[in-house]
Amino acid sequence: MTTSVKSFDINALLTSLEGIEIITDIHQVAKLSQDYHTFSPVLVPILEGKVGDLVVRPANEEEVLKVAAACVQHRVPVTVRGAGTGNYGQCVPLHGGVILDMTRMHEILWIEPGIARVQAGVKLAALDKQAREIGWEMRMAPSTYRTATIGGFIAGGSGGIGSIQYGFLGDRGNLQALRVVTLEDKPRAMELRGDEVQKVNHAWGINGIITELEIPLAPAYPWVEVIVTFDDFMQAARFGQSLGEAEGMIKKEIAIFAAQIPQYFTAIKQYIPDGTHAALLIVAESSFELLPGLVRQFGGKITYQKSAQDAGKGVNLGEFTWNHTTLHARTVDTSITYLQSIFPADKNLQVVEHMYHHFGDEVTMHLEFIRQHGHVVPGALQLVRFTTEERLNEIIRYHEEQGVFIANPHTYIIEDGGRKAIDPEQLKFKAMVDPYGLMNPGKSRALMIR
């Protein structure tokens, strides 16, 4: 398969899209051609000036089919976007064309115990709020859940708050069904269920336009938010590991921060004395009684707690975790960038300790405990003081040599970001649903023109 990207007649395309909301204002189009790849000093110059020709906002699947047909007819590249909260340039168009903004398709179709069916543009927070009315909630969400859309999360995300309990989106059972529109000569809507969803899951919008999804839900608990401080970083890390492994305690978030990081958390740094290392936790109210004993065991001190009754009031600790940590740090110091890592399960804390001492202030430790293949392991979104791309690559290589998996956030190529190779089943599906290579072209090495 080759990609048929060429100049096109924009007026003819506009005629084909009559009746659908279209944005052609150059400033708006430029804004909607971006995401948060600006976290990476490597991606900024590479993606500078990459914009679409127009933005199309379909209101329903029928309009999506009409857009797909027009783009195939005129051989126009299509880049799908939700809220644009991703960090890797997934929704930055490399070859212009149509930016397909899915945010008007935001209907929650139904919610039943344990599962929900939604349109792709539904915001995660909106789904969570409505699900909680019947005692359920999302299993996991990124720290951007207030603005992120479910379609964008499935296409470009991997996990987040809740991954300590439920693993990652790609794990069997965390995505029930998808409905996608193809870019064939006669576009159609297809329903993928069960393991078939992996043909589209985390494919960066290259394998069809997601219009609807069925998402398994989790029982909704009353959650308590807690800050614990420690004088020793490795004691904080061991505490995080121990809490993660406490099977009888229900938790949603375990984040550990080296002492340099809380200075960036303006709204909560009063609870984290200078020089101390912090754990930000979200645990079920029913499990909270067991927490102080574990905190004492590792020499920690609880400095803040917000009851479940106060959920939604004041600050939300989830918005200081995952990549919101990087956002807070960059608000103060734009020379900071980040890595995304998973430490080896067999010797994870030994490697964490080695990296903590080896790099010092150059790579500041931020751990996110997750569940992976039945084990509790520390993931990390370390803050990196950027100097040169060469040094950044050296840091990445050193981690990999020590057995640390790096999902490189400084590339827009799917394989280079951590996938290493695209699933052959995804490539076969791609050849069927996008024979002209119009979906987000240039993002996969396997699909690039040779």
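The buried residues of helix α13 are covered by elements that include α12 (348–359), β17 (363–364), β20 (383–385) and β21 (405–406). The model is predicted. In it, the buried residues of α13 are Leu392, Ile395, Ile396 and His399. Viewed down the axis of α13, they fall within an arc of 95 degrees, so they line one face of the helix. Glu390 and Glu401 are exposed on the other side of α13. The length of the helix was also examined. At 1.5 Å a residue, the 13 residues of α13 (residues 389–401) should span 18 Å, and the end C-alpha atoms are 18 Å apart, which agrees. Just after α13, Gly403 adopts a positive phi of about 90 degrees.

Helix α12, one of the elements that cover α13, contains Val352. Val352 is buried, and its relative accessible area is 0%. Leaving aside residues up to four places away in sequence, Val352 touches Phe233, Met234, Phe343, Met365, Leu367 and Pro378. Thr411 is not among these contacts. Val352 and Thr411 are separated by 59 residues in sequence and by 24 Å in space, C-alpha to C-alpha.

The nonpolar cores were considered next. The largest holds 74 residues, of which Ile150, Ile154, Ile210 and Leu213 touch the most other members. Helix α4 (residues 61–74) gives the most to this core, contributing six residues. A second, separate core has 44 residues, including Ala236, Val363, Phe369 and Ile396. Ile396 is also one of the buried residues of α13. Within the largest core, Leu213 is among the residues that touch the most other members. With residues up to four places away in sequence left out, the contacts of Leu213 are Ala116, Arg117, Val118, Gln119, Ala120, Ile150, Gly151, Ile154, Leu175, Ala177 and Leu178. Among them, Ile150 and Ile154 are also named with Leu213 as residues of the largest core that touch the most other members.

An open sheet is formed by eight strands, in the order β14-β11-β13-β12-β18-β19-β16-β21, with antiparallel pairing. At its edges stand β14 (301–306) and β21, each with a single partner strand, so one side of each is left without a neighbour in the sheet. Strand β21 also helps to cover the buried residues of α13. At the β14 end, strand β11 (residues 223–230) is joined to β14 by five bridges, and the two run antiparallel. Val228 has Ile302 of β14 as its bridge partner.

Helix α10 (residues 291–297) includes Val295. Val295 is buried, with 3% relative accessible area. Apart from residues up to four places away in sequence, Val295 touches Val228, Phe239, Gly300, Lys301 and Ile302. Val228 and Ile302, the bridge partners named above, are thus both in contact with Val295. Phe230 is 65 residues from Val295 in sequence, yet the C-alpha atoms of the pair are 9.2 Å apart in space.

Strand β2 takes part in pairings of both senses. With strand β1 (residues 21–23), β2 pairs in the antiparallel sense over three bridges. Arg57 of β2 is the bridge partner of Glu21. With strand β4 (residues 98–101), β2 pairs in the parallel sense, again over three bridges. The bridge partner of Val55 in β4 is Ile99. In a regular strand, side chains alternate between the two faces of the sheet. Both faces of β2 (residues 54–57) are covered. Leu54 and Val56 lie on one side, Val55 and Arg57 on the other, and all are buried. Arg57 is therefore a buried residue, as its relative accessible area is under 20%.

A loop residue was examined last. Asn207 sits in the loop between β9 (189–193) and β10 (209–219). Its relative accessibility is 1%, so Asn207 counts as buried. The side chain of Asn207 has a polar atom 2.7 Å from the backbone oxygen of Lys199. A polar atom of the same side chain lies 3.1 Å from the backbone oxygen of Gln426. Not counting residues up to four places away in sequence, Asn207 touches Lys199, Val200, Gln426, Phe429, Lys430 and Val433.

Terms used:
Residues are numbered from 1 along each chain as its sequence is written. This is a predicted model: local features need pLDDT of at least 70, side-chain atom pairs count only at pLDDT 80 or more; totals for chains, interfaces and linings use all residues. Side-chain values use heavy atoms; hydrogens and water are left out. Helices (H or I, at least four residues) and strands (E, at least two) are DSSP runs, numbered from the N terminus. The expected span of a helix is 1.5 Å times one less than its number of residues. Buried means under 20% relative accessible area, exposed over 50%, partly exposed in between (1.4 Å probe, protein chains only). The arc is that of the directions from the helix axis to the C-beta atoms. Contact means heavy atoms within 4.5 Å. A polar contact is a pair of N or O atoms within 3.5 Å; within protein, one must be able to donate a hydrogen and the other to accept it, and residues adjacent in sequence count only if both atoms are side-chain atoms. A nonpolar core is a set of buried Ala, Val, Leu, Ile, Met, Phe, Trp, Tyr and Cys residues joined through side-chain atoms within 4.5 Å. Two strands pair if DSSP finds at least two bridges between them.
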